[in-house]
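Reader: Walk me through this model, please. Keep it brisk, and give me the cut-offs.

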Amino acid sequence: MTTQTETLPTTACATCPAFNSAQLRKLGINTEDWDYVVALAGNPNTGKSTVFNALTGLRQHVGNWPGKTVARAEGGFRYDDANYKLVDLPGTYSLLSTSVDEEIARDFILFGQPDVTIVVVDATRLERNLNLCLQILEITDRVVVALNLMDEANRHGLKVDERHLMRQLGVPVVPMVARRGEGIPELLNAVRQVVRGEFAVRPHRIQYRDSQIENAVHNLAAQLDARFPGLPNARWVALRLLEGDESIERALTEGTLGDLQRGEAIKSQNERMTMGVVGYGD
Amino acid sequence: MATDGSANDILQTATQLRAQIGGEQYHDKLMEAIYTDAAQIADQSVSREGQRARLGFDQLLDQALTHRIFGFIVMGLMLLGVFWLTIAGANVPSAMLADFLLGAVYNFLHQVATALSFPLWLSGLLIDGIYLATAWVISVMLPPMAIFFPLFTLLEDFGYLPRVAFNLDRLFHKAGAHGKQSLSMMMGFGCNAAGVIATRIIDSPRERLIAIITNNFSICNGRWPTLILMGTIFIGATAPPALASFFAAASVVTIAVIGIFVTLLVSAFLSRSWLKGEASVYSLELPPYRPPRILQTLYTSIIDRTLIVLWRAVTMAAPAGAVIWLSSNIYIGDASIAGHLVNLLNPVGMLLGLNGVILVAYIVAIPANEIVIPTILMLTLTLGRNIAGAQAGVMMELDEGQVYTVLTQVGGWTLLTAVNLMLFSLLHNPCSTTILTIWKETKNVRWTVVATILPIVLGVGVTFTTATIARLLGWV
């Protein structure tokens, strides 16, 4: 269990504004009156639940095997005078397939419209983890990348240039060892910056390198924009419609998609999703 | 192009454009684009320096633990070790807890009741019913669970479970099921309801149904105590004292392994009959071995897992204790309600090498398997009171030796009863929570019924067979 003291700044950091202005208060399962919703996404077995526990003080069971979290778990924390609701999503390798756990993760990122999505990335398997990260960046640009398992990367002789990664992805990248609570203060700071719009995100856009696809996406996205002005991810919706994704087609005809532009999807989505939340301790 | 922008127009445009960009290839092109970008970024951001010493060690360990033959031997030894430690380690604390809760506290409560001049029915209901059932659950379950959970969690934390899944993958593939079923099966060894939810990682509906229906063949928390107790007092007792714990552990492992075989057999049957199809290909990631955090594991597995499971058992046991006490003390004609029920089911129970009490216990325990043993003990004692000439409250101080005496002398149990109870514990309907979860996950009444009934049919078939064989050979 990460204790409170580990996440607090040491005296050496006291002069740094990023550290001394803020304190983390773990709120456990108390998620009432939240100001911001934060989603935790990432590949299986990268330490999402560990980050979740470190931030909320909850003890969501953590296991060293992929596919442990298949339902959403929710918790809360208070940081710098704002209440955050944290949602731990099932680990997935992609958001394009049809298994229930991937659908839960994708639907929440799309329809739940979290204020920030923390993508927990395994530093020792960066390439495969980036596949998911890039897909999430297509849906939302309010992303913080938690570059976890840095200790294992070091042990394997891997050196990850997080500054380069940050420039490439266009969102904050925070190196971490979540198991030992390292990087949690920096992560909180990055989340706050994105929430307040203090970090100018310039998310990476996937290049399809195929003029036909680019044209089709462009046309369809334009039509979506005309119908739903302010839709935050018209390009991604267009991509899914082109593939004939049934759940997105349904969202379009049933009007759920239209709610996204007005930010109303959160409520109805939360109501719908609570049905899917199951509270098993292990 | 239509631009008035209604939803259907957008869908229409999408369909048109999809035809232009060549349907099938589109998905591949998307994936390719994502992979290319990811590879490029990763390549530029990561540099390698130094030796890959740890990686070498991991690979060496993997070669051993996932070896075709050796892997299975390690698996067997690992299971045996875990249960041996559980059974050998739980003996003393179990006896101490029983002495305390069923002896000292029980007697004290009766003294208090007498001092406050409680009417007999009230002290009976509260102390012999509710308290006793709860105390039994705690003394039977707490010590083994407090040892078993941390051990299991340590293995999990270390990264051993995915290797087990890897080993079993080949077998599941042969059974026409999804390899990831081994993961949901592992989850089922904790709780079947959680195991059923864990099947969400399987994307083919056919294979997911197979995984859901067979999850019940993983022994769950509620059933381990039954197996451990039976293994200890009946199977272990047949061995020389020095080997007793070992025999007991081996019998528990045998039941768990039979469970895995039944899982594979039923999966193979389903994938060749009602749920025909090919096994899909998937990739299973073997996570790195991580040094387990021992103190943290001890803390979380005792506080979270053990106590949560125990609490669930206690909340189920308390009302069950009241129901059992009432039903065995309210008389209709010449027998109590429970007596009538037991007499009614006794012929069937005997045919299966069990008895009426056990079958009634399994009906009472539909909400939670944890209360099977307390129910059996209470019913055996109260119904057998007259036979044994014992008064309620005299024989409550049950340590394991006395449990054995009660079951054999009062209940008329034999080794066959114990073995068949272990088999029936593996092969019977899922608990009500699991049934509800199956329905929630499948939204299909038919499959929920199949998942509920199929194990009972198997259980009846298997116990009937073993009972018949044992009787034909004159063992009982």
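Author: Start with a strand pairing: A:Val121 stands opposite A:Leu147, a residue of strand 6 of chain A. Strands here are DSSP E runs of at least two residues, helices are H or I runs of at least four, and both are numbered from the N terminus. The model is predicted: local features need pLDDT of at least 70, side-chain atom pairs count only at pLDDT 80 or more, and totals for chains, interfaces and linings use all residues. Residues are numbered from 1 along each chain as its sequence is written, while chains are lettered from A and ligands numbered from 1 in the order in which they are written.

Reader: How many bridges join strand 5 of chain A to strand 6 of chain A?

Author: Strands pair if DSSP finds at least two bridges between them. Strand 5 covers residues 116-122 and runs parallel to strand 6. The bridge count is 6.

Reader: Which residues of strand 6 of chain A are buried on the side of A:Val144?

Author: Buried means 20 or more other C-beta atoms within 10 Å of the residue's own, exposed means 12 or fewer, and partly exposed lies in between; C-beta atoms are placed from the backbone. Strand 6 spans residues 143-148, and 6 of its 6 residues are buried. One face holds A:Val143, A:Val145 and A:Leu147. The other holds A:Val144, A:Ala146 and A:Asn148.

Reader: What is the bridge partner of A:Gly76 in strand 4 of chain A?

Author: Strand 3 of chain A (residues 73-79) and strand 4 (residues 82-88) run antiparallel, joined by 7 bridges. Of the 7 residues in strand 3, 6 are buried. The partner of A:Gly76 is A:Lys85.

Reader: Is A:Asp80 buried or partly exposed?

Author: A:Asp80 sits in the turn of the hairpin that strands 3 and 4 of chain A form, with 2 residues between them. Its phi is near 50°, a positive value in a residue other than glycine. A:Asp80 has 16 C-beta neighbours inside 10 Å, so it counts as partly exposed.

Reader: And A:Gln113, buried or exposed?

Author: A:Gln113 lies in the loop between helix 4 (100-111) and strand 5 of chain A. It is not a glycine, yet its phi is positive, about 40°. Because A:Gln113 has 22 C-beta neighbours inside 10 Å, it counts as buried.

Reader: Turn to chain B. Which helix gives the most to the largest nonpolar core?

Author: A nonpolar core is a set of buried Ala, Val, Leu, Ile, Met, Phe, Trp, Tyr and Cys residues joined through C-beta atoms within 7 Å. The largest has 116 residues, and B:Ala133 and B:Met422 are among those with the most contacts inside it. With 17 residues, the top contributor is helix 5 of chain B (residues 120-158).

Reader: How do helix 5 and helix 10 of chain B cross: roughly parallel or roughly perpendicular?

Author: Axes are lines fitted to C-alpha atoms, for helices over the stretch in contact, with angles from 0 to 180 degrees between N-to-C directions. Under 35 degrees is roughly parallel, over 145 roughly antiparallel, 65 to 115 roughly perpendicular, and the rest oblique. The axes of helix 5 and helix 10 (residues 224-235) come within 10 Å and cross at roughly 100°. So helix 5 of chain B and helix 10 of chain B are roughly perpendicular.

Reader: Which residues does B:Ala268 touch, leaving out those up to four places away in sequence?

Author: Contact means C-beta atoms, placed from the backbone, within 7 Å. B:Ala268 belongs to helix 11 of chain B (residues 244-272). Its touching partners are B:Ala175 and B:Gly176.

Key: Contact = placed C-beta atoms within 7 Å.
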